[in-house]
Amino acid sequence: MGHAHSHSQDHGHDHSPGRGDGDTDCHGLHDHHGHHHAPADFGNAFLIGIALNTVFVVIEAVFGFLYNSMALVADAGHNLSDVLALLLAWAASVAAKRPPSERYTYGFKSSTILAAIGNALLLAVAIGAILFETLHRLMEPQEPQGMVMVIVAGIGIGINAFTAFLFMRGQEDLNIKGAYLHMAADALVSAGVVIAGLAILLTGFWWIDPLVSFGIVAMIAWGTWGLAKDSLKLGLLAVPARIDVGEVRGHLAGLEGVEAVHDLHIWPMSTTETALTAHLVMPGAPCSDEFLHKIAHSLEDKFGIGHATIQVERGTDCETDC
């Protein structure tokens, strides 16, 4: 049997005793790649985004309670959940770079998946808190100050839009994409609060404020559902959405000398890295590493699968073929 290992990062592997790097046999063929496709470093983006949004959350919450604007309080709650989400995503990105160990042979790559699930849970908690406070304000209505809403939310548009820009180039990572979408949505929500403030100034209708708050909750819920669904799929080791299993199976089956493909498994190691294992039935396959290298490279180039382990089955003719 033969095995091909394709990795997007360099890792140390034990070789069977008595075999040189160039030796091959029918029982173990290993393909080691020196490629490095680690996610881009967003450390500064996280730091700037967390600092700016933390300050804004405090300002927005204080002015919201002082001037009776539930829309501002709701937006502050949303921003607070995003600050916590940024902290989780940042911690996970740092943990994912830790090297493998004897106990954690993949390192802590899957911490990015846990962070995505945690972010969805945080947003769900934020929805509950905002709804509770909004219903409380509806039972005890107080007239909000429209001009304060316009000024504070206007500042929020700038901060959230700038933070979203910091994460614009990392859309292949679910955590980075989540940060970008949250901040972009926050900018739109802040724009909605500005419009609500202007409407209150023009009409004097106090109920516009809680109505906008309910709208914010609906927007958060919509985004939360998408994030929760995607992150839970990764947590259950589902094939990443960008990969078509049928295409991968067809690609492997179409390789020269392959008679059958079975035990094909594809799963996410993190929010950016994908692994694959498969058995290829190749009775007449040559006992060389070259075709294994080609298979691993093709999977990485065509499907972005950087960690592939291929087991080649030659049947009873192995000794004769080798």
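Buried means under 20% relative accessible area, exposed means over 50%, and partly exposed lies in between, with a 1.4 Å probe and protein chains only. By that scale Ile-195 counts as exposed, because its relative accessibility is 58%.

This is a predicted model, in which local features need pLDDT of at least 70 and side-chain atom pairs count only at pLDDT 80 or more, while totals for chains, interfaces and linings use all residues. Residues are numbered from 1 along each chain as its sequence is written, and side-chain values use heavy atoms, with hydrogens and water left out.

**Overall fold**

The protein chain has nine helices and four strands. Both are DSSP runs numbered from the N terminus: helices are H or I with at least four residues, strands are E with at least two. Along the sequence the pattern reads β-α-α-α-α-α-α-α-β-β-α-β-α. Of the 322 residues, 46% count as buried. The chain exposes about 16,000 Å², and carbon and sulfur atoms supply 65% of that area. Accessible areas come from the Shrake-Rupley method with a 1.4 Å probe; for residues, only the protein chains shown count as cover.

A contact means heavy atoms within 4.5 Å. Among contacts in the chain with a separation of 6 or more, 77% come from residues 24 or more positions apart.

**Two nonpolar cores**

A nonpolar core is a set of buried Ala, Val, Leu, Ile, Met, Phe, Trp, Tyr and Cys residues joined through side-chain atoms within 4.5 Å. The largest one has 26 residues. Leu-72, Met-149, Val-193, Val-212, Ile-216 and Ile-220 have the most contacts inside it. Helices H2 (70-95), H3 (111-139), H4 (146-166), H5 (174-203) and H6 (208-235) each give two or more residues to this core. H6 gives the most, with seven residues.

What does Val-193 touch, not counting residues up to four places away in sequence? Its partners are Ala-71, Leu-72, Met-149, Ala-153, Val-212 and Ile-216. Apart from this core lies another, of 20 residues, among them Ile-266, Leu-280, Ile-295 and Val-312.

Ile-195 sits in helix H5. Its C-alpha is 9.4 Å from that of Val-212, and the two residues are 17 apart in sequence.

**Helix H2 and the strands**

H2 has 26 residues, which should span 38 Å at 1.5 Å a residue; its end C-alpha atoms are 37 Å apart, so the two values agree. The expected span is 1.5 Å times one less than the number of residues. At the start of H2, a side-chain oxygen of Ser-69 comes within 3.2 Å of the backbone nitrogen of Leu-72.

Strand S3 (residues 274-281) runs parallel to S4, and seven bridges join them. Strands pair if DSSP finds at least two bridges between them. Thr-277 has Thr-309 in S4 as its bridge partner. S4 (residues 307-313) is mostly covered, with five of its seven residues buried.

**Positive phi in loops**

Most residues other than glycine have a negative phi. Two loop residues here have a positive one.

| Residue | Loop | Phi | Relative accessible area |
|---|---|---|---|
| Asn-68 | between H1 (43-66) and H2 | near 60° | 22% |
| Leu-237 | between H6 and H7 (245-253) | about 60° | 48% |

Asn-68 is partly exposed because its relative accessible area is 22%. Leu-237, at 48%, is partly exposed too.

Note on methods:
Polar contact = N/O pair within 3.5 Å; in protein donor to acceptor, adjacent residues only side chain to side chain.
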